[in-house]
2 protein chains.
Amino acid sequence: MTLYQQFAEELKQQIQQGYYPVGQKLPSIRAMSQLRGVSISTVQESYRLLEDADLVYSKHKSGYYVKSPLKTASLPELSQPEQRPVLIDNWQEVLALTMTESSQHFLALGRGSPDTSFSTLKPLQRLMNENIKQQSKQVFSCAKGNGLLKLREQIVRLMQHSGCQVHPDNIQITAGCQEALSLSLKALTQPGDIVAIDSPSFYGSMQAIQSNQLKVLEIPTHPQNGISLPALELALEQWPIKVLQLIPSSNNPLGYIMPEKNKLKLLALAEKYDFAIIEDDILGDTVYHYPRPRSLKSYDSQQRVLFCSSFSKTIAPGLRLGWVAPGRYSTMLTHLKFVSSLGSASLPQLAVADFIEQGYYDKHLRLSKQHYQARRDIMLHWVQRYLPEQTKVSFPQGGYFLWLALPEGIDSFQLNQHLRPYHIGIAAGSLFSASGKYRNCLRLSYANPPTEAVEQAIKILGQQAQLLLQQSD
Amino acid sequence: MTLYQQFAEELKQQIQQGYYPVGQKLPSIRAMSQLRGVSISTVQESYRLLEDADLVYSKHKSGYYVKSPLKTASLPELSQPEQRPVLIDNWQEVLALTMTESSQHFLALGRGSPDTSFSTLKPLQRLMNENIKQQSKQVFSCAKGNGLLKLREQIVRLMQHSGCQVHPDNIQITAGCQEALSLSLKALTQPGDIVAIDSPSFYGSMQAIQSNQLKVLEIPTHPQNGISLPALELALEQWPIKVLQLIPSSNNPLGYIMPEKNKLKLLALAEKYDFAIIEDDILGDTVYHYPRPRSLKSYDSQQRVLFCSSFSKTIAPGLRLGWVAPGRYSTMLTHLKFVSSLGSASLPQLAVADFIEQGYYDKHLRLSKQHYQARRDIMLHWVQRYLPEQTKVSFPQGGYFLWLALPEGIDSFQLNQHLRPYHIGIAAGSLFSASGKYRNCLRLSYANPPTEAVEQAIKILGQQAQLLLQQSD
């Protein structure tokens with residue numbers, strides 16, 4: 001093997017491991033040569049080899065870019081949920097999903113937890129131990145009010161990456177994003193009010209809507225551009241919508257990023273029709289490309305956006321550590337947090353503040369995003385290989401969820417039941433709808449390493465889907 | 001000094017340090033002789049000396065008992081709150097109280113936190129560290145549903161001490177007692193409903209009542225026997241009361257234990273008038289005498305009692321670890337917990353389950369109760385010495401709160417302001433009322449060691465109260 005073949009092979013592996021993610025520009029030939037201590041001509045030859053192998057493409061006068069290893073699959077269509085406010089009633093199904101944990105004997109492919117086995121989380125364990133030893137008085141006492149200032153200062157710094165300028169006093173620490181969403185809804189609504197949401201939408205926030213005795217109006221949503229603004233405006237003309245709740249950056253379950261111009265339009269609508277916006281940014285920091293997209297909150301001159309997030313998808317859900325930047329609703333949120341749970345545990349706040357401040361969070365985020373992006377491509381590959389041909393699939397820009405639309409006629413609840421004997425679980429699509437839509441859809445997580453067992457599971461998923469398809473004909 | 005004088009002195013110190021609490025029987029003469037390796041006659045002589053010094057008294061054919069070092073102070077009267085349902089509106093005052101922490105420069109004598117400096121908490125720190133190292137996967141994942149079985153099993157065991165037979169499946173883990181109370185209220189009521197409470201009552205649960213848009217009806221309560229059942233029945237005749245919420249074992253702020261016969265009568269009333277009971281047992285395990293009193297829940301054959309508690313007063317509030325045994329409302333509580341915060345952090349659950357299982361909790365509880373009882377007596381002594389003569393004061397049977405009724409005309413809010421320049425804070429009485437009563441009352445905590453600084457603070461409290469009293473004449 002020549003030197004440039006060897007170097008090309010090395011780069012190929014790094015691309016496949018996600019070290020150079022899809023869409024990213026490779027270092028310039030000169031830079032790469034200096035970086036790796038190989039000659040300019042070796043780099044030139046290797047880049048050409050990678051281009052021949054269809055792994056990168058060159059842009060005139062710009063350089064070489066990493067190509068998606070996939071043929072472009074068809075995206076699901078714009079969603080078509082029920083066009084009237086409805087009550088939510090699928091708690092038993094949600095409970096069943098959330099109670100199935102992955103174990104040695106069960107692959108929970110529908111679950112929402114991140115991979116917590118990355119070595120970049122080790123420092124967090126150390127910091128927790130140190131705080132228990134050195135800050136025991138604080139660890140044993142409950143952080144009242146807004147939460148620990150030390151952490152709020154770090155959060156404010158993180159939020160600058162999405163363009164937000166928020167004061168630490170305007171951050172309320174919560175027990176995860178769910179508490180942030182739940183308290184925000186409570187601050188904004190009275191029983192009977194109507195809340196509009198993107199659709200499909202996260203089942204957890206829908207349960208909060210249900211429990212606050214609110215009605216939900218699902219707005220058609222596109223898997224690439226997000227919520228349809230014309231559809232939203234139509235709904236606003238027709239119904240007295242109090243709140244819009246949505247996940248604009250790295251949507252769960254669709255994976256899209258809302259285009260910038262739509263964000264501005266949405267805020268104009270919010271002003272025109274005077275409604276508040278709950279922006280769920282829980283996956284915003286996991287967007288693969290740099291810089292991460294701006295948040296709605298960053299454009300919010302009127303303080304009508306309640307920005308909710310947590311470290312559950314970026315670090316670990318076991319911390320139960322989230323926050324809300326509640327804009328003008330700040331006083332109310334502090335009261336509701338007190339009522340809900342007095343305050344938040346100090347240990348996770350102390351340890352995570354240290355983790356961010358000492359630069360570990362950035363490192364961890366960088367590594368995990370690279371892995372998630374690489375795992376997306378592998379999962380997409382398997383889905384296209386093993387699922388029925390007409391299957392449509394999302395192309396997520398962050399996070400670790402795929403949304404699949406199987407051919408009509410396949411019921412994903414039934415499919416899930418057929419997978420049980422194989423010790424495999426998926427998240428059925430109708431969990432993500434208030435009106436029982438998306439029965440042919442499902443959500444898959446690619447958070448965990450793409451092992452042979454996972455490939456095998458996707459193969460079985462494909463076979464069972466095929467069987468159901470044949471039965472439905 | 002003779003040997004028996006020396007031994008008597010030793011015992012005297014141990015009594016004053018709370019090693020032998022008030023009301024407790026000293027070991028028999030024979031047992032003490034064997035225990036300490038001194039002769040029978042030495043013990044006999046020392047016991048007699050202690051009796052002469054008014055530190056112990058002898059009961060015929062039973063032995064020697066530790067005497068309260070105090071003259072009996074007058075108890076406050078039966079409370080006389082507003083006799084109609086009212087809305088609660090004192091959040092700013094509650095916030096101000098909960099945000100004042102004790103520090104080197106400030107003595108927060110009104111705060112509700114336990115002493116977390118006992119050496120018996122050391123093993124908990126070790127267990128937390130061990131779990132972080134050895135159970136990192138579980139520590140990083142969120143415990144959904146009811147919470148970790150391992151902890152629920154230990155809780156069920158603890159609850160047997162109050163006579164409860166509950167299955168671990170009927171325990172819901174929460175973020176402290178506040179979440180337990182808040183979710184219980186939500187499960188039982190609709191906005192506009194009336195909730196009856198003992199009065200004075202814990203301000204945290206009153207805020208939960210307010211936030212659920214409920215009205216509150218305060219029932220006259222006696223500082224020794226608790227809620228007045230005749231007054232409650234009168235209220236039940238007059239108003240459609242949905243829920244009664246109370247703290248029957250080691251009441252906050254009054255410190256009483258509800259008599260057994262009243263518990264049975266109360267449950268009969270609950271059946272007759274068909275209302276649910278939220279039993280706040282957060283201080284139940286801190287009752288000084290053994291065995292601890294039975295809970296209302298232990299008599300609850302109809303599953304209408306929701307038993308709420310936590311480890312915030314017995315171990316540390318920073319754990320945010322509580323539970324509810326919700327009887328027939330179990331399914332609803334699991335849903336509301338999911339909506340409120342998805343689940344609870346795993347680390348405190350793992351560590352506290354180990355802490356209980358390995359016997360550390362019992363040890364810690366024994367030690368801290370002895371200290372609290374001794375501190376009560378010292379604080380009572382100071383209160384009687386330094387506060388205006390007509391001051392009435394509760395005689396708590398557990399926990400670490402004193403309730404003081406100052407002479408009419410002294411406003412404890414004003415008093416609190418006068419104490420600020422001295423860096424001392426108290427909890428003003430009206431925080432414990434929905435109708436602005438108890439303006440002449442206040443709550444003092446004796447959780448922390450009775451240092452000279454605390455004695456000095458009580459002295460200043462007395463002087464300022466005296467000044468206000470003179471001004472009011």
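This is a short walk through a predicted model with chains A and B, from the interface to some individual residues.

Hi everyone, thanks for coming. Please keep in mind throughout that we are looking at a prediction.

Let's begin where the chains meet. On chain A, 56 residues are in contact with chain B, and chain B brings 56 residues of its own. How much area is buried between chain A and chain B? About 4,500 Å², and carbon and sulfur atoms give 62% of that. If you want three residues to click on, try Phe140(A), His335(A) and Phe338(A): they supply 16% of the area that chain A buries against chain B, more than any other three residues.

Now for the polar side of that interface. Between chain A and chain B there are 22 residue pairs in polar contact, with both partners at pLDDT 80 or more. The count of salt bridges between the two chains, on the other hand, is zero.

Which elements of chain A give two or more residues to the side that touches chain B? They are α4 (91-99), α5 (122-134), α6 (136-140), α8 (176-188), α9 (203-211), α12 (330-341) and α13 (346-357). The largest share comes from α12(A), with eight residues. Sorted by class, that side of chain A has 23 nonpolar, 26 polar and seven charged residues.

Let's stay with α12 of chain A for a moment and look at what packs there from the other chain. In helix α4 of chain B, residues 91-99, the buried residues are Trp91(B), Val94(B), Leu95(B), Leu97(B) and Thr98(B). Looking down the axis of α4(B), these buried residues fall within an arc of 165 degrees, so they line one face of the helix. As a reminder of the geometry, an α-helix has 3.6 residues a turn, so residues three or four places apart point the same way. And what do the buried residues of α4(B) pack against? Their partners are α12 of chain A, plus α9 (203-211) and β15 (427-428) of chain B.

On to charges. Over all chains, the structure holds 36 salt bridges. Side chains of opposite charge can pair when their charged atoms come close.

Here are three pairs. In the first, Arg375(B) meets Asp115(B), with the closest N and O atoms 3.0 Å apart. This one links distant parts of the chain: Arg375(B) is in helix α14 (residues 360-386), Asp115(B) is in the loop between β3 (107-108) and α5 (122-134), and the two are 260 residues apart. Both Arg375(B) and Asp115(B) are buried.

In the second, Arg152(B) pairs with Asp169(B), the closest N and O atoms being 3.8 Å apart. Arg152(B) lies in helix α7 (149-159) and Asp169(B) in the loop between α7 and β4 (172-174), so the bridge ties together parts that are 17 residues apart in sequence. Arg152(B) is buried at 8% relative accessible area, whereas Asp169(B) is partly exposed at 48%. While we are on bridges, Asp281(A), Asp285(A) and Arg292(A) are joined into one network by salt bridges that share partners.

The third pair is in chain A: Lys297(A) and Asp300(A), with their closest N and O atoms 3.7 Å apart. Lys297(A) counts as buried at 8% relative accessibility, and Asp300(A) is buried at 7%.

Let me finish with a few individual residues. Ser199(B) sits in strand β5 of chain B, residues 194-199. Is Ser199(B) buried or exposed? Its relative accessible area is 0%, and buried means under 20%, so Ser199(B) is buried. Leaving aside residues up to four places away in sequence, Ser199(B) touches Ser79(B), Pro81(B), Glu218(B), Ile219(B), Thr221(B) and Tyr438(B).

Next is Thr120(B), in the loop between β3 and α5 of chain B. Thr120(B) has a relative accessible area of 18% and is buried. Its side chain makes a polar contact of 2.8 Å with the side chain of His364(B). With the same sequence neighbours left out, Thr120(B) touches Phe355(B), Lys363(B), His364(B) and Leu367(B).

Last comes Arg385(A), in helix α14 of chain A, residues 360-386. Arg385(A) is exposed, with a relative accessible area of 53%. How many residues apart in sequence are Arg385(A) and Leu151(A)? The answer is 234, and in space they are 45 Å apart, C-alpha to C-alpha.

That's my tour. Thanks for listening!

Definitions and conventions
Residues numbered from 1 in each chain as written. Chains lettered and ligands numbered in written order. Predicted model: local features only at pLDDT ≥ 70, side-chain atom pairs only at ≥ 80, totals over all residues. Heavy atoms only, no water. Contact = heavy atoms within 4.5 Å. Buried area = accessible area lost by both parts, 1.4 Å probe. Salt bridge = Lys/Arg side-chain N within 4 Å of Asp/Glu carboxyl O. Polar contact = N/O pair within 3.5 Å; in protein donor to acceptor, adjacent residues only side chain to side chain. Helix = DSSP H or I, 4+ residues; strand = E, 2+ residues; numbered from the N terminus. Nonpolar A, V, L, I, M, F, W, Y, C, P; charged D, E, K, R; others polar. Buried < 20%, exposed > 50% of the residue type's maximum accessible area, 1.4 Å probe, protein only. Arc of directions from axis to C-beta.
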